[in-house]
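Q: Could you take me slowly through one part of this protein, the strands and what packs around them? I am in my first year, so I would like each step spelled out.

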Amino acid sequence: MGARLAGIGTSLPEKVLTNDDLAQMMDTSDEWIRERTGIRERRIGLPTSSLGIESGRAAIDMAGLDPTDIDLLILSTTTPDQRVPGTAAVIHAELGLDCGAFDLNAACAGFTYGWVVAHSMLDAPGGPRRVLLVGADALSPITDWEDRGTAILFSDGGGAVVLEHTDDDTLLGWDLGADGNHRRLLMGDHDSKITMEGREVFKVAVRAVTGSVLTALDRAGMGPGDVDVLLPHQANIRIIEAICKRTGIPFERSYNTIEHTGNNSSGTIPLAMAKAHAEGALQPGAIVVMTGFGAGMSWATTVSRW
């Protein structure tokens, strides 16, 4: 399957919540949080639709396109503005799109799921030529700000990419997975806050993502040494370090934003992608691995040639 990235955009709320701020709210400290998560601060304060609109508009502008040039909108989110309609409809209207639009919920693995779905649609006979893929989440409204185990992690943020059809093979391998038996490890019912069994999530995530990355690389006919750029979900820097160690991908090849943005679910990978792009890492021909994992438990990995 083939698609090229034509544009990328990001969105973060202006309000910064530091570890020192959290220390005024609960029994914690900047040192305690940084040691366990790698997070110094996070952004909060915008709904999912605003994050998607801002990042989507930026991606379209970077691609040099008009909104009517977009043939499909996919929104990856686990925090829709409301139950009905899907938040993709809100973004669709505000951007002035003239195409199909739908929400996709695979929690923190959602953007990577969306990457595979977008490529599949672009590759289909008679399918779209340009897809706007948005990953955005506003986790602060469903975060329990009295729970030290979750409040230190979650945040709001989003990113978007414009993908255009190409006849070149760019998606070389992928792996999508889930294990619903672990769904209660990380969950949030309607009208309630997120709950998480942190230690178990850590174990499941490292095991699942390690297997997913190695599977996707094998399907692409490659190994860890072939990876130029790793774009991991920004859940916890310790998880990312463990995944790199177990897969054999040097940590130095990963691009991370968690120190300043925290975990904003579907928004983390496009934010990391934007950082890699800004630093010149996404050169033509580079082998880029994206991997996400989250509630469900769900996971997803892609291997792409840029």
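In what sense do strand 1 and strand 7 pair, and over how many bridges? Please start there and then follow the surroundings outwards.

A: The model is a predicted one, and it is worth keeping that in mind throughout. Strand 1 and strand 7, the latter made of residues 156–165, pair in the antiparallel sense over eight bridges. One position in this pairing can be picked out by eye: Ser-11 has Gly-158 of strand 7 as its bridge partner. Strands of a sheet pair through backbone hydrogen bonds, either parallel or antiparallel.

The two strands belong to an open sheet of five, which runs in the order 1-7-6-4-5 and has mixed pairing. Its edges are strand 1 (3–11) and strand 5 (100–104), each of which pairs on one side only. On average, neighbouring strands of this sheet are turned by 15 degrees against each other, when direction is ignored.

Helix 10, residues 268–278, packs on this sheet and touches strand 1, strand 6 (130–138) and strand 7, and the direction of helix 10 makes about 105 degrees with that of strand 1. Helix 10 is mostly covered, since eight of its eleven residues are buried; among them are Thr-268, Pro-270, Met-273 and Ala-276. The cover over these buried residues includes strand 1, strand 6 and strand 7, but also helix 5, strand 11 and strand 12. After helix 10 comes Gly-280, whose phi is positive, near 80 degrees.

Strand 11 and strand 12, which both help to cover helix 10, lead us to another sheet. This open sheet has four strands in the order 8-13-12-11, again with mixed pairing. Here the edge strands are strand 8 (171–178) and strand 11 (229–232), each pairing on one side only, and neighbouring strands are turned by 10 degrees against each other on average, direction ignored. Strand 11 pairs with strand 12 in the parallel sense over four bridges, and within that pairing Leu-231 has Met-290 of strand 12 as its bridge partner. Helix 5, residues 110–123, packs on this sheet, where it touches strand 8, strand 12 and strand 13, and the direction of helix 5 makes about 50 degrees with that of strand 13.

Strand 12 deserves a slower look. In a regular strand the side chains alternate between the two faces of the sheet. In strand 12, Ile-287, Val-289, Thr-291 and Phe-293 lie on one side, while Val-288, Met-290, Gly-292 and Gly-294 lie on the other, and all of these residues are buried. Both faces of the strand are therefore covered, where buried means under 20% relative accessible area. On its other pairing, strand 12 joins strand 13 in the antiparallel sense over eight bridges, with Val-289 standing opposite Val-303 in strand 13. The two strands form a hairpin with three residues between them, and Gly-296 in the turn has a positive phi of about 140 degrees.

Val-303 also brings us to the interior of the protein. In soluble globular proteins, nonpolar side chains tend to be buried together. The largest nonpolar core here has 42 residues, of which Leu-217, Ile-239, Phe-293 and Val-303 touch the most other members. Two or more residues each come from helix 7 (198–219), helix 8 (237–247), strand 12 (287–294) and strand 13 (298–305), and helix 7 gives the most, with nine residues. A second, separate core of 32 residues includes Ala-106, Ala-118, Ala-274 and Leu-282. Leaving aside residues up to four places away in sequence, the contacts of Val-303 include Leu-172, Leu-217, Met-222 and Val-289, so that last residue appears both as a touching neighbour and as the one opposite Val-303 across the hairpin strands.

Notes:
Residues numbered from 1 in each chain as written. Predicted model: local features only at pLDDT ≥ 70, side-chain atom pairs only at ≥ 80, totals over all residues. Heavy atoms only, no water. Core = buried A, V, L, I, M, F, W, Y, C linked by side-chain atoms within 4.5 Å. Buried < 20%, exposed > 50% of the residue type's maximum accessible area, 1.4 Å probe, protein only. Contact = heavy atoms within 4.5 Å. Pairing = 2+ DSSP bridges. Axes fitted to C-alpha atoms, helices over the stretch in contact; angles between N-to-C directions.
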